[in-house]
Amino acid sequence: QVQLVESGGGLVQPGGSLSLSCAASGIMFNGYFMGWYRQAPGLQRELVASISRYFSTNYADSVKGRFTISRNNAKNTVYLQMNSLKPEDTAVYYCNARQALSGGLQDFWGQGTQVTVSS
């Protein structure tokens, strides 16, 4: 059974920092492309950051220079360090594991963790 379990969300003031973690089980973690997505009320889910099997990273323009994604294959965990948080970063953050198969993409999702940036 595949599980992605996020942790680390919460309430933080503007300018503050939070660190999210996503622990994966039931998959060959080092073979998966990992990503963090977020969804704010009334908006579509959007990609925040991703990291490939080879540790190549990609970020949404809105978080470049503020967020850092990393992975530890020995711990089957992906992280998102969020600095200089803004109210517009408020959303539910989801962990994603993706693998390309012959028939298409295989996606697994975590349950989400709430991040609220407010004074």
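Begin by selecting L18 and M82: in strand β8, M82 is the bridge partner of L18. The model on your screen is a predicted one, and residues are numbered from 1 along the chain as its sequence is written.

**Strand β3 and its neighbours**

Keep L18 in view and extend the selection to β3, which is joined to β8 by 6 bridges, the two strands running antiparallel. Then add strand β1, residues 3-7, which pairs with β3 in the antiparallel sense over 5 bridges; here E6 has C22 of β3 as its bridge partner. Now show the side chains of β3 and look at which way they point: L18, L20, C22 and A24 are directed to one face and are buried, whereas S19, S21, A23 and S25 are directed to the other face and are not buried. In a regular strand, side chains alternate between the two faces of the sheet.

**The disulfide**

Stay with C22 and select C95 as well, since these two residues form a disulfide with their sulfur atoms 2.1 Å apart. The pair links distant parts of the chain, with C22 in strand β3 (residues 18-25) and C95 in strand β9 (residues 91-101), 73 residues apart. The torsion about the S-S bond of C22 and C95 is about -80 degrees, so the disulfide is left-handed. Both C22 and C95 are buried, and the count of disulfides comes to 1.

**The nonpolar core**

Next, select W36, V78, L80, M82 and Y93, which are the residues with the most contacts inside the largest nonpolar core, a set of 29 residues. Strands β3, β4 (33-39), β5, β7, β8, β9 and β11 (113-117) each supply at least two residues of this core. If you centre the view on Y93 and leave aside residues up to four places away in sequence, you will find that Y93 touches, among others, E6, L20, W36, L80, M82 and V115.

**Three places in the loops**

Move to D89, in the loop between β8 and β9. Is D89 buried or exposed? At a relative accessibility of 1%, D89 counts as buried, and, not counting residues up to four places away in sequence, D89 touches R38, R66, F67, S84, V115 and V117.

Then select F55, which lies in the loop between β5 (46-51) and β6 (57-59) and has a positive phi of about 70 degrees although F55 is not a glycine. The relative accessible area of F55 is 44%, and this residue is partly exposed. Finish the loops at N76, between β7 (67-72) and β8 (77-82), where phi is near 55 degrees, again a positive value in a residue other than glycine. N76 is partly exposed, with a relative accessible area of 27%.

**Stepping back**

Finally, show the whole chain, in which there are 0 helices and 11 strands. The C-alpha trace spans about 45 × 30 × 25 Å along its principal axes, and the radius of gyration of the protein is 14 Å, which agrees with the value near 14 Å that a compact globule of 119 residues would have. Buried residues make up 38% of the 119 residues, and the protein exposes about 6,300 Å², of which carbon and sulfur atoms supply 49%. Among contacts between residues at least 6 apart in sequence, 54% join residues at least 24 apart.

Technical notes
Predicted model: local features only at pLDDT ≥ 70, side-chain atom pairs only at ≥ 80, totals over all residues. Heavy atoms only, no water. Disulfide = S-S within 2.5 Å. Helix = DSSP H or I, 4+ residues; strand = E, 2+ residues; numbered from the N terminus. Buried < 20%, exposed > 50% of the residue type's maximum accessible area, 1.4 Å probe, protein only. Contact = heavy atoms within 4.5 Å. Pairing = 2+ DSSP bridges. Core = buried A, V, L, I, M, F, W, Y, C linked by side-chain atoms within 4.5 Å. Rg over C-alpha atoms; globule rule 2.2 N^0.38 Å. Areas by Shrake-Rupley, 256 points an atom, 1.4 Å probe, with all protein chains shown as cover.
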